[in-house]
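Here is a protein model to look at with its definitions in hand. The questions below ask what each descriptive term rests on.

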Amino acid sequence: LPSHYTLPSGDKIPSVALGVWQAAPGEVGNAVKTALGAGYRHIDGAWIYRNEAEVGQALKESSVPREDLWLTSKLWNNYHAPEDVEPILDDTLSKLGTDYLDLYLIHWPVAFKKEGNNVLDKALTDDPYPTWKKLEEMVDKGKVKNIGISNFNIRRVQNLTANPLKYKPAVNQVELNFWNPQPDLLEWSKENGLLLEAYSPLGSNKQVGETLAVPEVKDIACKLGITPAQVIISWHVQRGTIVLPKSVTASRIVENYDVFEIPQDLFEKLEAAANAHTPQRVVNPSKGWKLPFDVFE
Ligand code: A2P
């Protein structure tokens with residue numbers, strides 16, 4: 001299975017990353033150090049995870065050369081106004097202790113006013129192009145190497161890419177797991193040359209137990225002599241996506257880094273099992289944010 005994918009910039013992005021969403025303070029630094037020791041070079045973070053300073057400290061202490069690392073962060077919803085992008089990016093850079101990111105994503109296709117509690121900025125939500133242009137400027141300034149999007153459905157990707165973009169989105173980071181495999185989005189993205197990144201790939205803390213107990217997963221694990229988590233993580237890479245498993249447990253971090261090619265017949269059985277039930281999303285903040293629409297519709 002591919003250890004890297006090549007982005008439109010020519011940069012090679014490692015196919016397995018350590019995800020640090022919900023990695024608690026006091027735990028995330030050790031998780032990053034364990035991951036780097038196990039061979040990971042790709043850390044997927046975000047400003048809103050509120051752990052970038054601890055991640056940065058761990059990177060510094062691990063002394064892996066910066067050019068060997070792949071660091072992703074994300075622009076939070078309150079900072080979509082073009083004048084707010086660079087200051088909050090600078091905050092991320094300073095917390096991580098670096099002068100550039102490898103990849104910077106628009107975290108959600110939802111813009112809030114800078115001040116206030118999730119006050120919708122309708123104009124910048126309906127039209128993310130002004131925000132995107134600012135991200136393009138950050139590429140030209142050398143502060144980020146690649147730019148992309150997250151949680152965009154097909155309609156929202158098309159809404160953005162209908163503009164005369166200088167740089168196309170390099171990736172779209174979305175929820176992908178056994179319970180929400182999104183085959184249509186995956187196929188459409190492949191046809192349109194847009195790489196997907198799978199967050200909550202194991203089903204997140206809410207559903208990881210159920211995922212690892214799926215009969216097809218256990219059967220493949222048994223046949224290949226690998227763990228159920230390795231089956232799922234390998235399945236993602238074999239589907240052609242980047243995979244971002246989160247763990248703060250050393251043994252699991254090590255386990256999750258090893259991917260294995262699944263024989264085609266078994267892969268197809270697992271794919272069919274994933275697509276056989278009504279899809280269930282683990283992550284949808286539309287109601288929590290009191291949006292007047294569902295972000296995925
Ligand atoms: P923990 O971080 O306590 O080790 P996802 O990547 O889909 O968001 O899932 C993250 C959840 O899955 C966390 O609860 C994490 O627990 C757990 N997890 C991660 N890797 C493994 C593994 N190899 N085996 C079992 N559980 C795992």
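What follows sets the values for this model against the definitions behind them.

This is a predicted model, in which local features need pLDDT of at least 70 and side-chain atom pairs count only at pLDDT 80 or more, while totals for chains, interfaces and linings use all residues. Residues are numbered from 1 along each chain as its sequence is written.

Q: Why does the radius of gyration of the protein agree with that of a compact globule?
A: The radius is taken over C-alpha atoms, and the globule rule is 2.2 Å times the number of residues to the power 0.38. With 297 residues the expected value is near 19 Å, and the protein has 18 Å, so the two agree. Along its principal axes the C-alpha trace spans about 55 × 45 × 35 Å.

Q: What makes a set of residues a nonpolar core, and which residues have the most contacts inside the largest one?
A: Such a core consists of buried Ala, Val, Leu, Ile, Met, Phe, Trp, Tyr and Cys residues joined through C-beta atoms within 7 Å. A residue is buried if 20 or more other C-beta atoms, placed from the backbone, lie within 10 Å of its own, exposed if 12 or fewer, and partly exposed in between. The largest core has 65 residues, and those with the most contacts inside it are L18, A31, V32, V55, Y104, I232 and I242. Its largest share, six residues, comes from helix α10 (residues 228-238), where a helix is a DSSP run (H or I) of at least four residues and a strand a run (E) of at least two, numbered from the N terminus. Apart from this core lies another, of five residues, including W108 and L124. Buried residues make up 42% of the 297 residues in the protein.

Q: How many strands form the open sheet, and is the pairing parallel or antiparallel?
A: Two strands pair if DSSP finds at least two bridges between them. Eight strands form the open sheet, in the order β3-β4-β5-β6-β7-β8-β9-β10, and the pairing is parallel. Strands β3 (18-19) and β10 (242-243) are the edges, since each pairs on one side only. Five bridges join β8 (residues 171-175) to β9 (residues 195-199), and V174 has A198 in β9 as its bridge partner.

Q: How many residues surround the ligand?
A: With nearness set as a C-beta atom, placed from the backbone, within 6 Å, 17 residues surround the ligand, and the closest are L202, N205, A229, S247 and T249. Helices α8 (204-212) and α11 (250-256) are the elements that give two or more residues to this shell.
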